[in-house]
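Student: Please take a close look at the ligand shell for me. Then cover the unusual backbone spots.

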Amino acid sequence: MNGPRPRRHGESRPSRQHDRQTDRRQDSREGTRPARPASAGRPAPGDDRRPRRDTRDAPHRPGPRPTRVELTFLPGLGDVLQEEIAATLRPERPAQPVRGREDALVVEHRGPLTDVLTLRTAVAAFVSLHFDVPRPRSLTSGDHLGRIVDAVYASLRARGSSTFRFEAAGRDSVAFAKLAAALTEATGLRHDDTGGELVLKVRRGAARSSDGRNPGGGRPAADVDPGWDVLVRIGPRPLSARTWRVRDYPGAANATIAAAMSRLGGIHAEDRVLNLMSGSGTLLIERLLAGPAALAVGVDVDPDSTAMATENAAAAGLARRATWVTADVRSLPPELDGPFDLVLADPPWGTLHGSHSTAVEVHTGLLHAAYDRTAPGSRLVVLTHEIAVMEKVLRDQAARWTVRTEQRVFAKGHHPRIYVLDRT
Ligand SMILES: C[S@@+](CC[C@H](N)C(=O)[O-])C[C@H]1O[C@@H](n2cnc3c(N)ncnc32)[C@H](O)[C@@H]1O
């Protein structure tokens, strides 16, 4: 069969396709083609062939054109993600909400797109493109297609993929078949509508008025065609998918929520960190992946859980940095080190590892254990689904713990809360 052979992409464009693109540019420069080349003169988004910079130490200086990056998050975690973006990517302007969406921020990023892959509280990251076109059919025309192809290559340079798929209303239409064929022709990626790794979302742009304002709040209705957005995901999997999770534990915490808990509790290299009721280790692993700690100990009553946590931590490259102890938090072994500066916990909920009838006892035991192993000024960050129970236990222990913040999050139909408590 003729046609482009699928292959796994890595750092650079596939040579045959690259040559073809280059040839087109040269043809155009030499005037042998009447049409303007797809992307001539434009720096590719997220071009990371420059030497890597340490993004922690210095703000990005104006350089080549920035890449517009859209980041999705679990509802409730927008502020944490914004803070993580500011600390990690150091953008010139803070990330902004995406117009018309409640679960996404957009930021102009000048550095390599591999920086974006280090964000731990985001669900997914996309190169964001906007087109003032009336319908997706127009996206296959020269300049538009060139921008999409550039964004695909920018994503591939950050992390390889061999297939792609669309997430779009009407993705079975002739217009999308044509766009898929053009992308395959330009990149060598195979279109796999169900299992494609690289996701391209195509959606209507945000409604707007001719005065440039967002309609709503009594303003006149939008009178400008909103055009279309194309979002090219950076990486073959969402950022929230963790490669370290080699052992799946029913009831394991969502990793982006776990990462958010660490940020809310504060990440300090000198902290001694204790994860009570640690299960398969998500909270402690995400804490250690966010930054070093002086000590990291996880405790769970179930030996199978501590075995899973040990495997997950090893897969995360943390085998030597975390210790897992099998014990009941109500009778912690005296030899357990401490006192701890930060305690992380997500006590059992539902019927998986406990029951509602024991929730008061479990939450009370957790707060007692944390108090006993900490000093004044230490922080306890708890994720719980048992809101009424937690509120009661906090009232009972008001002399020991004060609530610094309380945050509702939404994950897979559940609405747990993150409590950040200060020890008195
Ligand atoms: C919701 S799960 C924790 C999940 C974990 N964060 C993860 O991501 O895998 C709650 C855990 O509490 C543990 N647990 C329940 N009662 C306990 C107790 N009294 N002492 C220690 N661990 C306990 C259970 O074995 C279970 O692993």
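**The ligand shell and its backbone**

Tutor: The shell residues around the ligand split into 10 nonpolar, nine polar and five charged. Keep in mind that this is a predicted model. In total, 24 residues surround the ligand. The closest are Ala 252, Met 277, Gly 279, Ser 280 and Thr 282. Two elements, α6 and α8 (359–372), each give two or more residues to this shell.

Take Met 277 from that closest group. Met 277 sits in the loop between β9 (272–276) and α6 (282–290). Its phi is near 55°, a positive value in a residue other than glycine. That sets it apart from the usual pattern: most residues other than glycine have a negative phi. Is Met 277 buried or exposed? Met 277 has 25 C-beta neighbours inside 10 Å, so it counts as buried; the cut-off for buried is 20 or more.

Now set Lys 412 beside it. Lys 412 also has a positive phi, about 50°, and is not a glycine. Its place is the loop between β14 (401–408) and β15 (417–423). Lys 412 has 6 other C-beta atoms within 10 Å, so it is exposed. The cut-off for exposed is 12 or fewer. Both residues thus lie in loops, but Met 277 is buried and Lys 412 is exposed.

One peptide bond also deserves a look. The bond from Gly 338 to Pro 339 is cis, with omega near -5°. Most peptide bonds are trans. Pro 339 belongs to the loop between β11 (323–326) and β12 (340–345).

Key: Residues are numbered from 1 along each chain as its sequence is written. This is a predicted model: local features need pLDDT of at least 70, side-chain atom pairs count only at pLDDT 80 or more; totals for chains, interfaces and linings use all residues. Helices (H or I, at least four residues) and strands (E, at least two) are DSSP runs, numbered from the N terminus. A residue is near a molecule or strand if its C-beta atom, placed from the backbone, lies within 6 Å of it. Ala, Val, Leu, Ile, Met, Phe, Trp, Tyr, Cys and Pro count as nonpolar, Asp, Glu, Lys and Arg as charged, and the others, Gly among them, as polar.
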